[in-house]
There are 2 protein chains.
Amino acid sequence: MRKSHQVLLASVIGGSLLAASAGVYAQQAAAKPETLIKWRQSVFQVIGWTCGRVKLALEAAVYDKDEVIKAATALAAVSNSGIGSLFAAGTEQGKGWHDTATKPEFFAAGSKAGEIAGNLARETNELVKVANTSDVAAVKAQFGKVTATCKACHDDYRIKL
Amino acid sequence: MRKSHQVLLASVIGGSLLAASAGVYAQQAAAKPETLIKWRQSVFQVIGWTCGRVKLALEAAVYDKDEVIKAATALAAVSNSGIGSLFAAGTEQGKGWHDTATKPEFFAAGSKAGEIAGNLARETNELVKVANTSDVAAVKAQFGKVTATCKACHDDYRIKL
């Protein structure tokens, strides 16, 4: 009922990209809060996995450029995929794979939350660019910027597990 | 101990990409089996999330090309990131977020498993290409090929949960 109402709404407004986005996002947000929380917890596991691979490659005896490109590409694509929609209203509390580790302050942070997401998107995109060069020092420096972005958000908005 | 041995091994072999890959993958495989299983379960949640977004976009009253590009790009990047390493020896049984749903037959499938992974990588890459056009019918057709790839593997190698 809720889904079909949103589709109807999008259809009535029709035509603009905004309406289309509203329609798709509304349907996505109509997923159960626990599903959205599970998805976002999975997204951050994938971010952790891919970051870990870049870190291992930077520490390895022989630098594996292809490994870093693959990991960074997945990291950036996920970071740029619209994670914000997984923090929809109604997901401030609840359990996905485990109780949400996002502090209530994050949901109240407004444009600050958007700014953090934008930083992650930008720095990971830059990592892909640098990964495609053979400048390992530059990859290391840029990877530092990515993890600093992670840490800034964790420090302020992640509950210590 | 196991990690440093592998790094040493890579260092001794040195120089070739193969050695570098072996070093990085060996370190990654040195992660606990439950961590690898948790990562792969997370990867498939992200694949499910992004596929769901493409499906919703195709069903919406107004087609949102940008939404499909973002979802398909994340889907393809994750599918091409080297998921195979998350099915390392030692992960045939065990619990990540939940008991593994991968049948033992998958680990014994050898080149067949690699072929399935290759199909997913290829079809999702093609989806990104088509998503960047405005040919919605072509997106729908290609998305059908992606989900057929998922289904083929699930039918043979996924335990019904």
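1. A good place to start is where the confidence sits. Among the elements of chain A, helix H1 (residues 2-13) has the lowest mean pLDDT, 32, while H4 of chain A has the highest, 98. Bear in mind as you read on that this is a predicted model. Over residues 1-20 of chain A the pLDDT stays under 50, and the model has 20 contacts beyond four places in sequence for that stretch. I'd read the start of chain A with those values in mind.

2. Chain A as a whole has a mean pLDDT of 86, with 82% of its residues reaching 70 or more. For the model, the scores are ipTM 0.84 and pTM 0.85.

3. What is chain A built from, in terms of helices and strands? The secondary structure comes to 7 helices and 0 strands. Going along the sequence, the pattern is α-α-α-α-α-α-α. Of the contacts in chain A with a separation of 6 or more, 73% are between residues 24 or more positions apart.

4. Now for burial and surface. Chain A has 161 residues, and 45% of them count as buried. The chain exposes about 7900 Å², and carbon and sulfur atoms supply 60% of that area.

5. The largest nonpolar core is worth a look, with its 77 residues. Which of its members touch the most other members? They are Val43, Ile47 and Val78 of chain A, along with Val43, Ile47 and Val78 of chain B. At least two residues of this core come from each of these helices: H3 (33-59), H4 (65-79), H6 and H7 (136-157) of chain A, and H3 (33-59), H4 (65-79), H6 (111-131) and H7 (136-157) of chain B. To follow one of the core residues outwards, pick A:Ile47: setting aside neighbours within four places in sequence, A:Ile47 is in contact with A:Leu75, A:Val78, A:Ser79, A:Ile83 and A:Leu120.

6. A:Thr124 makes a nice stop on the way through helix H6 (residues 111-131) of chain A. Is A:Thr124 buried or exposed? With a relative accessible area of 0%, A:Thr124 is buried, because buried means under 20%. A polar atom of the A:Thr124 side chain lies 3.1 Å from the backbone oxygen of A:Ala121. Beyond the neighbours within four places in sequence, A:Thr124 is in contact with A:Leu75, A:Ala76, A:Ser79, A:Asn80 and A:Val146. A:Leu75 and A:Ser79 also turn up among the contacts of A:Ile47.

7. Helix H7 of chain A holds A:Asp155. At 40% relative accessibility, A:Asp155 counts as partly exposed. The side chain of A:Asp155 is joined to that of A:Lys151 by a polar contact of 2.7 Å.

8. On to the aromatics: the count comes to 11 aromatic pairs over all chains. One of them is formed by A:Trp97 and B:Trp97, which are stacked at 5.3 Å centre to centre with 10 degrees between the planes. This pair crosses between chains, running from the loop between H4 and helix H5 (104-107) of chain A, where A:Trp97 sits, to the loop between H4 and helix H5 (104-107) of chain B, where B:Trp97 sits. A:Trp97 is buried, at a relative accessible area of 15%, and B:Trp97 is buried too, at 16%.

9. What arrangement do the rings of B:Phe44 and B:Phe87 take? Their planes are at 65 degrees and their centres 6.3 Å apart, so the pair is edge-to-face. The pair links distant parts of the chain, with B:Phe44 in helix H3 of chain B and B:Phe87 in the loop between H4 and H5 of chain B, 43 residues apart. Burial separates the two: B:Phe44 is partly exposed at 38% relative accessible area, whereas B:Phe87 counts as buried at 15%.

10. Back in chain A, there is an aromatic cluster to look for. A:Phe44, A:Phe87, A:Phe106, A:Phe107 and A:Tyr157 form one aromatic cluster.

11. One last spot is B:Gly144, in helix H7 of chain B. B:Gly144 is partly exposed, with a relative accessible area of 33%. How far is the C-alpha atom of B:Gly144 from that of B:Lys55? The two atoms are separated by 9.8 Å, although the residues are 89 apart along the chain.

Note on methods: Residues numbered from 1 in each chain as written. Chains lettered and ligands numbered in written order. Predicted model: local features only at pLDDT ≥ 70, side-chain atom pairs only at ≥ 80, totals over all residues. Heavy atoms only, no water. Helix = DSSP H or I, 4+ residues; strand = E, 2+ residues; numbered from the N terminus. Buried < 20%, exposed > 50% of the residue type's maximum accessible area, 1.4 Å probe, protein only. Polar contact = N/O pair within 3.5 Å; in protein donor to acceptor, adjacent residues only side chain to side chain. Contact = heavy atoms within 4.5 Å. Core = buried A, V, L, I, M, F, W, Y, C linked by side-chain atoms within 4.5 Å. Areas by Shrake-Rupley, 256 points an atom, 1.4 Å probe, with all protein chains shown as cover. pLDDT = per-residue confidence, 0-100. Phe/Tyr/Trp six-rings, centres within 6.5 Å; stacked < 30°, edge-to-face > 60°.
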